[in-house]
Every structure is written in C-alpha cells, then in structure tokens.
Amino acid sequence: ADVRGPIGDAVLVLLGAVAVALCGRQVLRQRHPAARRAWTLLTVGYGLYLVADTAWLVHTLGHDGEVPFLTWIDGVYLAYYPFVLAGLLALPAAPRRRSERVKFALDLTTVVLAGGLVLWFAVVRPLALESYSRPLEAAISLAYPSMGLLLLTGATAVLLRPQRAVGRVTLALLAAAALVDLAADLGYGVA
C-alpha cells in the first residue's frame with residue numbers, strides 16, 4: 001500500500017484538531033455575543049470536518065488504502081459547509097455607510113459570479129455530463145464543488161468587509177482555509 005495516503009490523512013487530522021482547538025479558544029475569548037456565536041459555528045464546522053477526516057483515515061487504514069465513496073463520511077463532510085459559511089458571515093462587521101454596503105455587495109457578487117463561472121466550466125458542467133450509476137453519486141459529486149462556491153462567498157465576505165472584534169491575520173487565515181478547501185473540492189470533483 002502507498003504510505004503517503006495514510007500519512008497525509010493523519011496530517012490532515014492533526015491540522016483539523018489544531019483548527020478546532022484554535023476556534024474553540026476564540027469562543028472562550030469573545031465577550032461580544034455575536035462574535036462568540038460566529039466562533040461557535042466555526043468550531044462546530046471544523047469539528048465536523050475533523051470527525052470526517054478521522055473517519056476517512058480509519059476507513060482507509062482498515063481497508064488497505066481503499067478510498068471510500070458515497071459513505072456516511074460524505075454526509076459529515078457536507079454538514080461542515082453550512083456551519084463554516086454561517087460562522088464566516090456571522091463575524092461582527094464594523095458599521096458602514098450605505099455607499100460602502102452597496103460597493104461591498106457589488107464586489108461580492110462579482111467575485112461569486114466569476115468563481116461560479118470558473119466552477120461551472122471547469123468542474124460542474126463536465127460532472128453533470130458524466131453518466132452516473134446512481135443519482136446519489138451525481139448529487140455527491142456535484143455537492144462538493146457547489147459547497148466550495150459557498151465557502152468562496154464566505155471567504156470573500158470576510159476579506160472585503162471591515163471587521164470588528166477580529167484581527168486581520170485571523171480573517172486572512174480563515175479566508176485562506178476556505179479557499180484551500182475550495183481548491184480541494186475542485187480537485188475532488190475532477191478526480
């Protein structure tokens with residue numbers, strides 16, 4: 001068996017545990033209820049991802065490196081997205097004037113539409129044209145890149161709007177994590 005797979009999966013579990021711990025630490029440090037709620041949502045989301053990564057690792061170790069497809073693990077991975085998106089969007093934003101809100105909405109729409117077009121032509125359309133043996137197979141294959149687009153929305157919102165109670169480095173790391181996840185989803189959808 002190829003040892004890079006389990007080692008890489010174990011590293012992802014370790015990184016996931018660090019992400020959950022850091023988000024949980026932020027929950028405890030927040031005094032503002034909205035910030036605490038946002039960090040709680042992020043902690044739950046990354047906790048779900050950690051559970052899925054751990055289950056994936058255990059499954060592949062127990063099945064000679066065989067990669068599972070269409071298992072309960074996919075459900076846990078997909079449950080992660082709404083929590084992380086809600087957490088990103090719930091981070092308290094600094095007050096803005098109406099013109100700034102309009103500019104933010106236009107910028108966010110531009111990025112999401114551009115990302116959606118790239119996603120459509122590079123991943124979703126080819127996946128939609130493939131023939132699948134079961135409808136659930138098609139739904140799962142299309143769900144990951146589609147959910148990745150939601151994370152692009154959340155990452156863009158975090159980077160474009162002025163934040164309150166959250167440092168720029170922290171925001172940049174959250175946005176980077178969401179973008180890395182989008183890249184992984186694109187790879188998963190193409191593979």
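**Exercise 1. Salt bridges**

Task: In this predicted model, determine which residue forms a salt bridge with E100, and state for each partner whether it is buried, partly exposed or exposed.

Solution. Begin with the pair itself: E100 forms a salt bridge with R97, and the closest N and O atoms of the two are 4.0 Å apart. Next, take the surroundings of each partner in turn. E100 has a relative accessibility of 33% and therefore counts as partly exposed, whereas R97, at 57%, counts as exposed.

Task: How many salt bridges does the rule give, and how far apart, N to O, are the side chains of K103 and D107?

Solution. The count comes to two salt bridges. The side chains of K103 and D107 meet in a salt bridge with a distance of 3.0 Å from N to O. To see how these residues are placed along the chain, note that both belong to helix α4, which covers residues 98-129, and that they are four residues apart there, so about one helical turn separates them. As a general point, an α-helix has 3.6 residues a turn, so residues three or four places apart point the same way. Finally, K103 is exposed, with a relative accessible area of 52%, while D107, at 27%, counts as partly exposed.

**Exercise 2. Helix α3 and the aromatic residues**

Task: Compare the reach of α3 with the expected value, and identify which of its residues are buried.

Solution. Helix α3 has 19 residues, and the distance from its first C-alpha to its last is 28 Å, which is close to the 27 Å expected at 1.5 Å a residue. The buried residues in α3 are I73, D74, V76, Y77, L78, Y80, Y81, V84, L85, G87 and L88.

Task: Classify the ring pair formed by Y80 and Y81, and name the aromatic cluster in which they take part.

Solution. Aromatic pairs, by the rule used here, come to a count of five. In the pair of Y80 and Y81, the ring centres are 4.8 Å apart and the planes stand at 65°, so the pair is edge-to-face. The cut-off needed for this step is that planes over 60 degrees apart count as edge-to-face. Turning to burial, Y80 has a relative accessibility of 2% and so counts as buried, and Y81, also at 2%, counts as buried. The aromatic cluster is made up of Y46, Y49, W56, Y77, Y80 and Y81.

**Exercise 3. The nonpolar core**

Task: How many residues does the largest nonpolar core have, and which helix supplies the largest share of it?

Solution. The largest nonpolar core has 29 residues, and those with the most contacts inside it are W39, L42, Y46, V84, L88, L91 and L174. At least two residues of this core come from each of α1 (4-29), α2, α3 (72-90), α5 and α6. The largest share, eight residues, is supplied by α3. In soluble globular proteins, nonpolar side chains tend to be buried together.

**Exercise 4. Helix α2 and D53**

Task: Place D53 in the model, decide whether D53 is buried or exposed, and list the residues with which D53 is in contact.

Solution. D53 lies in helix α2, which covers residues 33-62. This helix has 30 residues and reaches 43 Å from its first C-alpha to its last, close to the 44 Å expected at 1.5 Å a residue. With a relative accessibility of 8%, D53 counts as buried, since buried means under 20% relative accessible area. Once neighbours within four places in sequence are left aside, the contacts of D53 are L12, V13 and Y77. Just after α2, D64 takes a positive phi of about 50°.

**Exercise 5. Helix α5 and S141**

Task: Where does a kink lie in α5, and what does S141 touch?

Solution. Helix α5 covers residues 135-160, and its 26 residues reach 37 Å from first C-alpha to last, close to the 38 Å expected at 1.5 Å a residue. A kink of about 30° lies at A143, shortly before the proline P145. S141 also lies in helix α5 and is buried, with a relative accessible area of 9%. Not counting residues up to four places away in sequence, S141 touches F69, L127 and Y132. S141 and A128 are 13 residues apart in sequence, and their C-alpha atoms are 8.9 Å apart in space.

Technical notes: Residues are numbered from 1 along each chain as its sequence is written. This is a predicted model: local features need pLDDT of at least 70, side-chain atom pairs count only at pLDDT 80 or more; totals for chains, interfaces and linings use all residues. Side-chain values use heavy atoms; hydrogens and water are left out. Buried means under 20% relative accessible area, exposed over 50%, partly exposed in between (1.4 Å probe, protein chains only). Contact means heavy atoms within 4.5 Å. Rings of Phe, Tyr and Trp (its six-membered ring) pair if their centres lie within 6.5 Å; planes under 30 degrees apart count as stacked, over 60 as edge-to-face and the rest as tilted. The expected span of a helix is 1.5 Å times one less than its number of residues. The bend at a residue is the angle between axes fitted to the seven residues ending there and the seven starting there. A nonpolar core is a set of buried Ala, Val, Leu, Ile, Met, Phe, Trp, Tyr and Cys residues joined through side-chain atoms within 4.5 Å.
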